[in-house]
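Subject: The structure we talked about

Hi there,

Here is the structure I promised to pass on, with my notes underneath. Have a look at it first, and then read on.

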Amino acid sequence: MDENAVLYVALSLVLLCITTYLLGSEGRRLSHIPTVGGSSLPLLSYVGAFRTLLYSKDVLQEGYSKYKGGVFKIAELNCWIVLVTGSELVEELRKVPDSILSFPVALQELIQEEYTLGRGLASSIYHIPLLITRVTRHLAELFPNIHDEIVTAFNDELSLTKEGMILSMDAGPSEQDVDGSGLSSDQSSVRWVATMYVFPFDLLRKIMLNSMLLCRPFHDFDQPGRNRDFCELNKSFTIDLMVGATIVRMFPEFLRPLATRLLLSVSKSVARGHELLDPILNERLRLAKELGDDWIDKPKDLLQWLIDARPSDVPLTTVPLRVLILNVAAIHTSSMTLTLALYYLAVHPEYVKVLRDEVETVARTHEWTKDAVDRLDKMDSFLKELMRFEGLSTRSMIRTALKDHTLSNGTFIPAGTRLMTTARAIHHDENIYADPDVFNPWRFSNMRNAGETAKFVNTSSEYLAFAYGRHACPGRFFASTELKEVLSHLVVNYEMKMEKEAVVPPSSFVGYSLIPDLKANVMFRRRGRNAN
């Protein structure tokens with residue numbers, strides 16, 4: 001065994017001993033809270049931690065079934081997590097101020113911000129509320145660009161458009177539309193094209209980049225190689241950030257700086273982000289200096305809003321990094337959701353028929369705007385049910401206790417404790433949802449018809465796909481509009497089927513995160529009167 005191997009073995013043993021001591025110490029402080037998934041004893045708790053890593057869906061469901069309305073704890077490799085269950089405690093978690101149970105601190109711990117991204121972001125998280133104050137309020141204004149980029153991205157990614165043919169829903173079906181498909185009879189294609197997960201990712205990346213992140217005339221990413229560079233940066237940055245945070249969390253605090261220097265590569269992705277985005281940032285600053293703050297043709301995009309809203313004490317050098325973070329968060333979650341949606345639509349053409357009829361009806365009676373998209377109740381219900389039934393995470397509403405706190409049921413939460421809720425178990429609770437283990441795409445539109453509020457973007461203690469309360473996902477309004485627009489274009493202009501079996505490919509879980517089957521292929525072809 002060479003010297004490096006001996007060193008790594010020795011460091012691993014030291015790390016195991018330190019982590020076992022710390023985990024055991026924390027476990028003793030939480031001994032009054034029941035344990036699920038394994039033992040509370042030192043060393044043996046690692047069995048539960050690995051079980052959580054591999055089978056979080058089952059572990060959290062077990063805890064929810066046993067202690068619904070109360071709390072339980074599970075082991076992770078480096079700490080204990082307390083799960084709160086039941087509507088009353090979820091409501092309480094929403095209401096407790098961040099000075100006691102903090103979401104920002106929990107998020108910083110999750111991504112290990114100090115070690116993965118540096119301390120520059122910690123001074124201000126102004127980029128998060130910006131999604132509400134600027135992006136959401138400008139959605140109607142951004143909508144034409146979003147629509148144009150969706151049409152262009154589909155034509156680029158699927159390559160099924162005949163030369164000179166651009167399909168659009170700007171004014172509903174055209175006079176040449178003989179069968180309600182949005183296509184004239186001579187525009188059909190019999191060619192099927194197969195795609196995998198990379199299709200939703202690349203599709204949404206292009207839409208996000210050109211419609212909201214950076215206005216197309218104000219960047220050069222359409223030049224050969226530049227778009228590919230930005231795509232690769234998105235992928236590498238996401239992987240480096242998530243893997244890096246996971247690695248750092250395994251080490252005790254005093255060893256994390258060393259682990260960061262030896263094991264992490266996030267800094268390389270961040271440096272590449274600066275290479276791509278700094279020239280655009282500097283050009284915006286030059287134009288503002290020469291033409292004034294309200295210069296003509298000033299772009300309305302995320303980069304410009306980040307520049308304009310930047311507090312005076314926040315360094316300009318953090319703006320490109322904030323762009324990367326928001327971009328990764330938006331594309332990753334939306335592409336996962338779109339992947340799941342494609343699988344369900346490819347397997348269930350009866351869903352497609354209902355959605356297509358709704359889109360064409362709305363397009364005929366309303367100008368194709370954000371307001372029209374907001375009227376797609378069936379589409380909205382389909383997406384909400386998809387997130388209820390599948391979900392992207394088994395957990396939600398992460399918090400870190402900054403002070404000792406006693407919950408309303410008498411459970412004592414010592415300072416330093418991590419908390420969260422059991423999202424998936426709540427979404428599959430038969431006392432909340434009828435037939436919860438059955439996918440019913442019109443579940444929520446039927447609820448709205450009965451007078452209940454059940455929009456995709458609405459959150460509650462019983463629907464946690466976007467978390468709940470003041471820290472609910474601020475980008476959900478943009479995601480909702482984008483996904484509905486993409487699916488509207490898809491169901492009107494394309495036919496879909498699975499390449500192999502006509503069943504929805506099963507998803508898997510890594511830690512708390514759902515991962516769709518990334519090997520399954522969906523087949524696409526243009527719709528037309530003569531298509532078989």
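To start you off: in which loop does K455 lie? It is the loop between α18 and α19 (476–493). Please keep in mind throughout that this is a predicted model.

**Around K455**

K455 is a good residue to begin with. At 23% relative accessibility, K455 counts as partly exposed, because the buried class ends at 20%. If you set aside the neighbours within four places in sequence, K455 is in contact with D374, D377, D380, K384 and R448. F444 is 11 residues from K455 along the chain, and the two C-alpha atoms are 7.4 Å apart in space.

**Salt bridges**

The structure holds 22 salt bridges in total. Side chains of opposite charge can pair when their charged atoms come close. Here are three of these pairs, with the places where they sit.

D374, which we just met as a contact of K455, forms a salt bridge with K370, at 2.8 Å from N to O. D374 and K370 are both in helix α15 (residues 370–374), and because they are 4 residues apart there, about one helical turn separates them. D374 is partly exposed, with a relative accessible area of 30%, whereas K370 is buried at 19%. K455 comes back at this point: salt bridges with shared partners join D377, D380, K455 and K484 into one network.

The second pair is D357 and K353, whose side chains meet in a salt bridge of 2.6 Å, N to O. D357 and K353 also belong to one helix, α14 (residues 349–365), where they are 4 residues apart, about one turn of the helix. Both ends of this bridge count as partly exposed: D357 has a relative accessible area of 32%, and K353 is at 46%.

The third pair is E253 and R256, with the closest N and O atoms 3.2 Å apart. Is R256 buried or exposed? R256 is buried, with a relative accessible area of 9%. Its partner E253 is partly exposed, at 46% relative accessibility.

**The sheet and the helices across it**

Next, please turn to the open sheet of 5 strands, which has the order β1-β2-β8-β5-β3 and mixed pairing. Which strands stand at its edges? They are β1 (71–75) and β3 (101–102); each has a single partner strand, so one side of each has no neighbour in the sheet.

Further in, β5 and strand β8 (residues 418–421) run antiparallel and are joined by 3 bridges. If you want a place to see the two strands side by side, S396 stands opposite T421 in β8.

Two helices lie across this sheet. Helix α3 (residues 87–95) lies across β1, β2 (80–84), β3, β5 and β8, and runs at about 60° to β5. Helix α4 (residues 103–111) lies across β3, β5 and β8, at about 95° to β5.

**Two positive phi angles**

β5 has one more point for you. M397, found in strand β5 (residues 396–401), has a phi near 55°, a positive value in a residue other than glycine. M397 is buried, with a relative accessible area of 4%.

D435 also has a positive phi, of about 45°, although it is not a glycine. Where is D435 found? D435 is in the loop between α17 (423–427) and α18 (443–449). D435 is exposed, with a relative accessible area of 57%.

**A nonpolar patch**

Last, there is a nonpolar surface patch of about 400 Å², made by F50, L53, L54 and Y55. One of these, L53, lies in helix α2 (residues 45–67). L53 is partly exposed at 37% relative accessible area; it can therefore count towards a patch, for which a residue needs over 30%.

If you open the model yourself, I would start at K455 and the network it shares with D377, D380 and K484, and then go on to the sheet.

Best wishes

Definitions and conventions: Residues are numbered from 1 along each chain as its sequence is written. This is a predicted model: local features need pLDDT of at least 70, side-chain atom pairs count only at pLDDT 80 or more; totals for chains, interfaces and linings use all residues. Side-chain values use heavy atoms; hydrogens and water are left out. Patches are made of residues with over 30% relative accessible area and no salt bridge: like charges are joined within 9 Å, nonpolar side chains (Val, Leu, Ile, Met, Phe, Trp, Tyr) within 5 Å. Accessible areas come from the Shrake-Rupley method with a 1.4 Å probe; for residues, only the protein chains shown count as cover. A salt bridge is a side-chain nitrogen of Lys or Arg within 4 Å of a carboxyl oxygen of Asp or Glu. Buried means under 20% relative accessible area, exposed over 50%, partly exposed in between (1.4 Å probe, protein chains only). Two strands pair if DSSP finds at least two bridges between them. Contact means heavy atoms within 4.5 Å. Axes are lines fitted to C-alpha atoms, for helices over the stretch in contact, and angles run from 0 to 180 degrees between N-to-C directions.
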